[in-house]
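Me: Please take a close look at one part of this model for me: the sheet and the pockets around it. I would like the strands, the loops beside them and the pocket linings in one connected account.

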Amino acid sequence: MQKRVILLKIMLLVCFTSIIFRLGLIMFVEHQVYFSRAKIQQIKKEEIIPKRGNIYDRMGRELAVSLEKESLFIDPSSLKSDETINILKSYIKVNAEQIKSQSEKNIRFLWLERKVDHAVAEKIKALKIEGVGSVPEGARFYPNGFLASHVIGFVNIDEQGMEGLERQYDKYLKAEKSSKVVSVDARGKKLSDGSLKDIKGNDIFVTIDEGLQYIVEKYLEEAVKKWQASSGIAIMMDPFTGEILALANRPTYDPNNLKFIKNIGIIRNRALTDLYEPGSTFKIVTATAALEEGIVKPYTKFDCSQGYIEVWGKKIKDAHRHGVLTFEEVIQKSSNVGTIKIAMMLGKEKLYQYIKKFGFGEKTGIDLPGEMAGYIRPTQKWSGTSIGAIPIGQEVAVTAIQVLRAYSVIANGGYLVKPFVVSEIRSSEGNILYKAVIQREKIVSEKTAKIMRDILKKVTEEGGTATQAKLDGNNVAGKTGTAQKYDPKTGRYSKDRFVSSFVGFIPADNPRIAMIVVIHDPKGAHYGGVVAAPVFKAISDEAMAYLNIPRDDAKEKGLVVTFENETNRKVVVAKE
């Protein structure tokens, strides 16, 4: 019995010695190894879902934001029966054949549906279906739906910019993926979220005004429906700075519901991509060039009584027969005959020089994707009839933004400006990373620009071609355009397909906005003064009230004062 007790004591001593030795080994020799293992179990890395930067209008109103949604996935190899698929079908669309096919190939991951609503995701997670899981993902949302969709653009399922500003400024808006360290307990339950903030891209502030954009889209939509047109364009710009205040196209789309788009052409930004012959709106180039070169005066007379002019055997007619017209009446009444006579006095080399000066045949450089340069042949490639066709807006291809920029030259006193949409880019911390700089080049004198402004005012007055663009209380300066479309099938100009347009600025003497309206293929009428001019008037009337711009007739009553702003233009402000 005593020997057994001694043996037991020895065994216990050996055990305790071994334990103490092991503890000492762990504490002093293997400490770092076990500390590292514990750290791995208690701390884990978690991926941070980066948020795309927001897009705001000029007043700070949200145009595009990023939300967080969940994406559902399945391990196809875990599929044991069709019952799982039937359950999932009650909540989401499921491709049963694909899941079974992937299961047979021993594929371990397959998306069920990307970026579903939280409510749907929670219901599926509550079912605790084996092999089905979810991960959070960012999702783009456009609060105003259709509004300014061609400017803002959209992203694909992986939040990569595909059109508009989303594409042009993708590298600024997107944020790089990152991860953070979180603490967990023995069961893997999260104890803390770590110290890092969410990762977010840069925010973009644009020149677009949500209110003006709504006004422009409303009346453009009405016009396209009224005239059963194939498409329509309207652009509003600050003629002094080049800031795009509103830009709209019809037809349009909702970037929140891209799956409903049947015709991919609907996403095209026609204001920048669609080329057309401008017709009479192009006459401004010939008129301005003749004045600037001193070839004509406002009251120089031109005999247009024949109603046509022959150029290399081709007769070019006026829409309405006129008598003897002064230079300003040629523009006011949009006489083809008078304009061609002026162009002949100017000569093709000078005419071409001014066409290029006004920026035609080149991109404006606006910060939106897809812009076309248009087309104007060099004089060496002109035919004998070109000197008769080009001055009246034929044999040239332009975009709406190019024409609007050309008229802004007259509005702002002779400067060709570079249009732009993005005014600022700010980091998630609020630091300014980019600020737009106004770019403009003097191309004609203030004297010539003023004479042209006065002439263009008469276009909207009695006897002009755009009386329906005239506003009560404010002078409007502008020009109509009615161009036949070229039919490649017949090799001639179509007799029933037209481009109707009006481009101008208001108030005429102190312009705050320049705007162009272009309606393609209107039915029932085709003159720019009938189809497009009323749209300009409706938009301008409401826009002037929205911007709180006083009427011109208020000046006569001494109700306004003027001052010079940062762009050296006179601004009229109503007294209190």
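Reply: What follows goes from the sheet to its loops, and then to the pockets. The model is predicted.

Start with the sheet. Its 5 strands run in the order β12-β11-β23-β22-β21. The sheet is open, and the pairing is antiparallel. The edges are β12, residues 244-250, and β21, residues 477-487. Each of these edge strands pairs on one side only. From one strand to the next, the twist averages 10 degrees.

Now take the pair β22 and β23. Strand β22 covers residues 492-506, and strand β23 covers residues 513-520. They pair in the antiparallel sense over 8 bridges. One contact to pick out is Ser500, whose bridge partner in β23 is Ile519.

The loop between β22 and β23 holds Pro507. The peptide bond from Ile506 to Pro507 is cis. Its omega is near -15 degrees. Strand β22 ends at residue 506, so to place this bond, look where that strand gives way to the loop.

A cis bond also follows the edge strand β12. Here the bond runs from Arg250 to Pro251, with omega near 5 degrees. Pro251 lies in the loop between β12 and α10, the latter being residues 270-273.

Next, the largest pocket. Its volume is about 1200 Å³. The lining counts 40 residues. Nearest its centre lie Lys317, Ala319, Asn336, Thr482 and Gln484. Which elements give two or more residues to this lining? They are β15 (314-317), β21, β22 and α18 (528-531). The sheet therefore takes part through β21 and β22. The largest share, 5 residues, comes from β21, which is an edge strand of the sheet. By class, the lining has 10 nonpolar, 21 polar and 9 charged residues.Asn336, one of the residues nearest the centre of that pocket, belongs to α13, which spans 336-346. The loop between α12 (327-332) and α13 holds Ser334. Phi of Ser334 is near 55 degrees, a positive value in a residue other than glycine. Is Ser334 buried or exposed? Ser334 is buried, with a relative accessible area of 14%. The cut-off for buried is under 20%.

Ala148 can be read in a similar way. Its phi is near 60 degrees, again a positive value in a residue other than glycine. Ala148 sits in the loop between β5 (132-141) and α6 (149-152). Ala148 is buried too, at a relative accessible area of 3%.

Strand β5 leads on to the second largest pocket. That pocket has a volume of about 810 Å³. Its lining counts 22 residues. Lys69, Arg114, Lys115, Asn256 and Lys259 lie nearest its centre. Two or more lining residues come from each of β3 (62-74), β4 (110-116), β5 and β6 (154-155). Strand β4 gives the most, with 4 residues. By class, this lining has 10 nonpolar, 3 polar and 9 charged residues.

Key:
Residues numbered from 1 in each chain as written. Predicted model: local features only at pLDDT ≥ 70, side-chain atom pairs only at ≥ 80, totals over all residues. Heavy atoms only, no water. Pairing = 2+ DSSP bridges. Axes fitted to C-alpha atoms, helices over the stretch in contact; angles between N-to-C directions. Buried < 20%, exposed > 50% of the residue type's maximum accessible area, 1.4 Å probe, protein only. 1 Å grid on protein atoms, 1.4 Å probe; cavity = no way out; pocket = protein on both sides within 12 Å on 5 of 7 lines; lining within 4 Å. Points joined across faces, edges and corners; volume = space filled by probe spheres on them. Nonpolar A, V, L, I, M, F, W, Y, C, P; charged D, E, K, R; others polar.
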